[in-house]
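Colleague: I'm new to this one, so please skip the grand tour. Pick a single part, look at it closely, and take me through what surrounds it.

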Amino acid sequence: MSRALPLNRRGIPASRIALGCMGLGGGWDYEPLTAANLKQAEEALEAALSIGINFFDHADIYTRGKAEKVFGQLLKARPGLREDIILQSKCGIRLIEPGDTTNRMDLSKEHILSSVDGSLARLGTDYLDILLLHRPDPLMDPEEVAEALYQLKASGKVRHFGVSNMSAAQIRLLETYCDEPFIVNQLHMSLARISWVDAVLSVNRDQWKEVTFPEGTIEYCRAGNIQLQAWGPLAQGLFSGRPLDGQPENVVNTAARVRALADEKSATAEAVVLAWLMAHPAAIQPVIGTVNPQRIAACSGAEQVELSRKEWYELYVSSRGEKLP
Ligand SMILES: NC(=O)c1ccc[n+]([C@@H]2O[C@H](COP(=O)([O-])OP(=O)(O)OC[C@H]3O[C@@H](n4cnc5c(N)ncnc54)[C@H](OP(=O)(O)O)[C@@H]3O)[C@@H](O)[C@H]2O)c1
């Protein structure tokens with residue numbers, strides 16, 4: 001069933017599926033962009049636009065800035081496209097640099113502001129439609145974050161804000177200090193990554209104590225009209241054609257069940273995998289990470305695939321590899 005996204009309900013005309021741009025720009029290194037990187041990005045963009053995707057997900061760190069940079073080159077070559085698409089980027093992770101001993105989180109005001117300036121310069125645009133705080137930072141001072149977001153909004157550099165990988169409690173803390181609403185929470189969710197479903201069913205069940213997904217996060221986002229975005233939604237192809245040598249029985253069985261459903265419904269395996277997420281009443285927006293044009297095209301029928309409750313639970317339990325009590 002096709003459902004209106006919370007983003008749409010806020011007047012943001014986002015497509016049902018988003019393209020994640022982490023795979024653009026080549027390696028996570030300091031090598032310059034190549035003609036092959038540009039060609040790959042052009043083909044991915046073309047494939048996405050041709051199936052109606054208008055929402056593109058970036059981060060300052062993807063391929064060390066090269067994903068945004070190559071996307072900026074595409075925008076430059078297509079005047080007018082910028083206004084027709086929704087650009088989301090993220091800040092708050094600092095990759096290890098020479099002289100550092102580790103990656104680290106950084107949601108300081110200074111880093112948020114300089115990260116957005118970097119993203120805007122690389123993308124060659126004056127504004128981001130949405131900025132996400134990429135991951136929680138234990139040293140985050142919400143008052144400082146509020147000041148940074150206020151400046152970004154007032155200067156027109158960012159239109160909307162959201163978070164990623166955050167629990168309900170972490171969002172609530174930010175909301176206490178920030179005037180602007182947080183309209184997105186991007187989480188790792190897929191038919192392989194099912195702890196967000198387990199968390200719902202584990203309430204009041206001693207035998208499911210191992211579930212670590214922060215309880216109440218999905219519900220908090222739903223109640224607050226916060227768009228849930230799923231990163232990793234294709235499970236890196238685990239159920240849609242990636243070789244399964246050495247994979248556990250539950251994965252092999254689930255891939256077979258996906259294939260059978262795809263055949264029954266004259267759909268692709270990718271569409272079935274995404275349809276499983278999209279059948280959830282929260283209207284989850286999958287952020288697909290493939291940059292392969294054929295695979296992007298294979299995702300296009302997901303909105304049309306209808307899964308019954310029985311089929312949805314069969315896939316979930318198959319992936320879980322353990323019957324429900
Ligand atoms: N917020 C966060 O913390 C966070 C973290 C990670 C990612 N993200 C975002 O989410 C997006 C998607 O994440 P993801 O890339 O992890 O998710 P994904 O969509 O589950 O997986 C895409 C990856 O799987 C490969 N793949 C898909 N089907 C395949 C198949 N049948 N055989 C072999 N390989 C296959 C793709 O390769 P091809 O390109 O060759 O198809 C690509 O590398 C990213 O682009 C990024 O925008 C956010």
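Modeller: Let's begin at the ligand and work towards one strand. An oxygen atom of the ligand sits 2.9 Å from an N or O atom in the side chain of N165. Before going on, know that this is a predicted model, with local features needing pLDDT of at least 70 and side-chain atom pairs counting only at pLDDT 80 or more, while totals for chains, interfaces and linings use all residues. Residues are numbered from 1 along each chain as its sequence is written, and side-chain values use heavy atoms, leaving out hydrogens and water.

Q236 offers another such pair: an N or O atom in its side chain is 2.7 Å from an oxygen atom of the ligand. With Y62, a polar side-chain atom lies 3.3 Å from a nitrogen atom of the ligand. I call these polar contacts, meaning pairs of N or O atoms within 3.5 Å; within protein, one atom must be able to donate a hydrogen and the other to accept it, and residues adjacent in sequence count only if both atoms are side-chain atoms. On its own the ligand has 900 Å² of accessible area, and the protein covers 83% of that. Such areas come from the Shrake-Rupley method with a 1.4 Å probe, and for residues only the protein chains shown count as cover. There are 27 residues around the ligand, and D57, Q236, G289, T290 and R295 come nearest. Being near here means that one heavy atom of the residue lies within 4 Å of the molecule or strand in question.

Now for the part I'd like you to look at closely: strand β6, residues 128-133. Helices (H or I, at least four residues) and strands (E, at least two) are DSSP runs, numbered from the N terminus. β6 belongs to a closed barrel of eight strands, in the order β1-β2-β3-β6-β7-β8-β9-β10, with parallel pairing. On average, neighbouring strands of this sheet are turned by 30° against each other, direction ignored. For that angle, axes are lines fitted to C-alpha atoms (for helices, over the stretch in contact), and angles run from 0 to 180 degrees between N-to-C directions.

What does β6 pair with? Two strands pair if DSSP finds at least two bridges between them. β6 runs parallel to β3, joined by four bridges, and it pairs in the parallel sense with β7 (residues 158-164) over five bridges. In general, strands of a sheet pair through backbone hydrogen bonds, either parallel or antiparallel.

You can follow the pairing residue by residue. L132 of β6 is the bridge partner of K90, and L132 also has G162 of β7 as a bridge partner. Further partners in β7 include F161, opposite L131, and V163, opposite L133.

Is β6 buried or exposed? Six of its six residues are buried, so the strand is largely enclosed by the rest of the structure. Buried means under 20% relative accessible area, exposed over 50%, and partly exposed in between, with a 1.4 Å probe and protein chains only. β7 is also largely enclosed, because five of its seven residues are buried.

Part of the surroundings is helix α5 (residues 109-123), which lies across β3 (86-91), β6 and β7 and runs at about 140° to β6.

Finally, zoom in on L128, a residue of β6. L128 has 0% relative accessibility, so it counts as buried. Which residues does L128 touch? Not counting residues up to four places away in sequence, L128 touches R82, L87, S89, V116, L120, L123, K157, V158 and R159. Contact here means heavy atoms within 4.5 Å. Among those residues, V116, L120 and L123 fall within α5, while V158 and R159 fall within β7. L87 and S89 lie within β3. L128 and G156 are 28 residues apart in sequence, yet their C-alpha atoms are 8.7 Å apart in space.

So the picture to keep is this: β6 is a strand of the closed barrel, with its six residues buried and α5 lying across it.
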